[in-house]
Amino acid sequence: MSGRRFTRWVLPLLMLGVLLLLLLLILYPARAERRPELLEMSVIAREADGSAWATARRGMEQAAADLNVELRFLYPGQSNSAQEQDQLLRREVESGASAILLFPADREALAEAARSASARAALVTLETDLEAAAGYVGVDNAALGEALGSAALNGALPGETVLLVDSAPAGSGVGERMIAAAVLLEAQGRQVRYFTGTADALAERLAGEEVRAVIAFEASSLERAAAAVSRLEDPPLLYGAGSTAAIAAELEQGHITSVLAQNAFSAGYLAVEAAARLARREAAEELDPLPFFTVRRENMYEPEYQKLLFPVTW
Amino acid sequence: MARSSLSRRWRELYHRSSIQVILSLFFTAVAVVGMVFLGLTLFLRFSASNNALLAENSQRVLSQVNLNLDARLREMMRVSDTAYYQVIKDADLAEEDIDRDLELLYYTSRESLVSIAVFSDGGGLIAAAPLAVLKNSVSPEREGWFSAAQERIENLHFSTPHVQNLFVDPDYRYRWVVSLSRHVELTRDGAIESGVLLVDMSYSGIEQICKDVDLGAGRGGYLYLVDGAGEIVYHPRQQLINAGLLEENNAAAAAYADGSHNEVFQGQRRQVTVKTVGYTGWKLVGVVPSENLWDNYGQLLLFFLFIVIFSVFLLVLVNLRLSAWLTAPLKKLDRAVKELEAGRETVDLTVNGPYEVEHLSRSVQSMVSTMRHLMDDILQQEEQKRRSELDVLQSQINPHFLYNTLDSVIWMTENGRTEEAVVMLTALARFFRISLSRGSNIITVAEELEHARHYLTIQKMRYKNKFSAEISAEDGVESLYTIKLIVQPILENAIYHGMDYADGDGSICVSAFREGEDVIIEVADNGPGMPEEVVARLLDQGGACAMAGSKGSGIGLRNVHRRIQLTFGREYGLTILSEPDDGTVVRIRLPALDQEGGRRYGKEGGQ
């Protein structure tokens, strides 16, 4: 092929071809128009029954819909079983989960599994922070425990007994709340007692023991405590953390004195968002501890608390 | 200054560029300007139409949603009217229990209703369906819907969504509702008293109407509902807003009039369309993020730019080929003219192309043909002129010499020197015979030397042997050819200027010899010679005037010199070597012409 023919015909046609290729590239949908790839995310609960964090789950589902995430909810056979959580965590990592949300039952028991899981997946915890996890979404547990203890100080005079419902291992966020409350109460001269068991057992103990105030540190134990308190003729004051429809009803009926509630929907949404960002290697903002609010019977229908206690459901 | 420089540069570029490049550039420039203008016009038109279309689409969708919402609210109002006019108004509460009627009414619309209740003026529950036990903790008279009904008794009042907490629900269900309340007149024991009728509509009814509304053709548009104060009634991401994870510009939207507006919220440009819902004062707000529109416009603009670049490239290519095709005949003509300029004899000026170019080609051909004829004519005229000049130069010799010789013959005859007269006449006859040479301008060197010998014979007799003369020729030189009558004028000059004052000791020596490819005929005399400046002027054509006044102007020498140069070129001719009191040597340089060469020059001489 002569150089002249190449310059006259082949080169211009080649350049036309390149331009056409660029044109096709332009017509390819922009990145902004494409949804991110589907991300599989496992959620490992602490309790066998997930009703206590139904609102958080709705937040997770909303985030999953927004961020193209497929959620898989896993419940241990027994509540607060760190061993089962360990197994679930390892199994999910082995099965190739890109991101995992975990409600740890015990920091120490899960430390090793969390470390190895973090190396292979984006691990974010709720309720209890873990050193090995890439992120934590939840309240400042010590502050929440202290706030509950402070609330109980109003109901129990120095020397009087405050019963703390021990519903989770000490190495969990719930346990941390309880320890913080106990330290405060004891420092203020209150007698601190602990209880572990069912609602019936609690009712029985309250009936036979002079207890001025009871504190439950998470929703399930608060529901049980409320059920126990409601059976008593002269019930102690009940304080607790969590927000469910049953808790709202007990609060309205006066069985619960006050509740420290966080926005569970927000926690669920933020947890999925943080884990998805980590798994997709996107820039993520550092998460601050979530705020919590004190809700009493008198203010529970104020608009902001109404929205907090009763998530909009269709 | 800069403008004139630019203009000058432009003119330089214009003059340097070929017609093909200029045509290509102008075609492309005009096409590109046209395309860009058309493209931008279409793009702007498209953008405006698209915006208008989106606004129109949003308004249409909002109108449809408004219709549906209106129907749902009307249904609530119908339930309220039915409850009031068919159940409550005609019933005497002291005698009749209206719970059953309300329950029936509730079940006819249970899908959209949460509860129906009638309260006394003091907030006491008179009747309710489906739940009928009021919570101990609630005080209906303190609720907003209650006071609104009592304050404006003629109106129906719609509340913002709230949790219905009036009745004891064993299932702990807290349902979000929109309450419709109105003032009612109750009859008890025949007496009329005031009361409030409450109809709670399920919030999910509003959600069903508003959800999945496609605004902005999949560009992330959505619809929400606010009340007159800007409080959100419905939002597709209400829970995120409640959680503080999302914000909405609902307060500003509540102040907008119906129609489409552009706003910037949290740095995002949005097209907001507002439609007021009847009875309630609520506003449907449709939001289409403008960024999405502009993303698409950006894509479109990029696409348009690439189309332009692509088209420009294609245009340049096509225009180059087109202009090359158009200008090919002109270029061919230009090349042919350049060849003509370079002096080529045969150039093909035939060009096929458009009419104008073919006409131009024919004109150039005709012009070249005319020019060639004119040049031939000029050459012929020049040749004729040269020949005439040669003839004139040649003819300048004879009359002068003839007169003197004949004068000498007469003188000799008168003095009885008949024999000498015969010799002189014989020499003269032979002299002229060679001079004529049957009209030929080219003769052999031998004939030329013979001619010189006869001339010297005559002159020696005239000058009474004041000088001696010798003629010699190298072997082979005599057979070569030369133009005739070139030696005689030099001899004449040597005799007149060198021998005039000689007293028998004058000497003239003529010798012919080869020098390379040339022939030299040398005429040497031992006369008085000439100063250098005279020698320098002798062959100078301008020197003729200067020497006109002196004895012998040297015209003979110049004639010979000019004839030789006219015939053979400027490298040939005379060279004069002379010193005062040391004689003069005149060298004639000629090409060594054989017979063939002599014949050729003879022809060129116009034979």
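## Exercises on chain B

In this predicted model, B:Val274 has B:Val285, a residue of β11(B), as its bridge partner.

**Exercise 1.** Work out how many bridges join strand β10 of chain B to strand β11 of chain B, and which way the two run.

*Solution.* Start from the residue ranges: β10(B) covers residues 268-276 and β11(B) covers 283-289. Now count along the pair, and you get seven bridges. The two strands run antiparallel.

**Exercise 2.** Place these strands in their sheet, and find which strands sit at the edges.

*Solution.* First, write down the order: β8-β7-β11-β10-β9 of chain B, five strands in an open sheet with antiparallel pairing. Next, look for strands that pair on one side only; these are β8 (232-234) and β9 (259-265) of chain B, the edge strands. Finally, check the twist: ignoring direction, neighbouring strands are turned by 35° against each other on average.

**Exercise 3.** Find what helix α2 of chain B lies across, and what α5(B) touches on the sheet.

*Solution.* Take α2(B), residues 19-88, to begin with: this helix lies across β7 (222-226), β9, β10 and β11 of chain B. Its direction is at about 40° to β10(B). Then turn to α5(B), which packs on the sheet and touches β7 and β8 of chain B. The angle between α5(B) and β8(B) comes to about 75°.

**Exercise 4.** Describe the side of chain B that touches chain A.

*Solution.* Count the residues: 26 from chain B are in contact with 29 from chain A. Then sort chain B's share by element; β4 (162-164), α5 (203-210), α6 (238-242) and α8 (290-341) of chain B each give two or more residues. The top contributor is α8(B), with ten. Last, sort by type: 15 nonpolar, nine polar and two charged.

Conventions. Residues are numbered from 1 along each chain as its sequence is written. Chains are lettered from A and ligands numbered from 1 in the order in which they are written. This is a predicted model: local features need pLDDT of at least 70, side-chain atom pairs count only at pLDDT 80 or more; totals for chains, interfaces and linings use all residues. Two residues are in contact if their C-beta atoms, placed from the backbone, lie within 7 Å. Helices (H or I, at least four residues) and strands (E, at least two) are DSSP runs, numbered from the N terminus. Ala, Val, Leu, Ile, Met, Phe, Trp, Tyr, Cys and Pro count as nonpolar, Asp, Glu, Lys and Arg as charged, and the others, Gly among them, as polar. Two strands pair if DSSP finds at least two bridges between them. Axes are lines fitted to C-alpha atoms, for helices over the stretch in contact, and angles run from 0 to 180 degrees between N-to-C directions.
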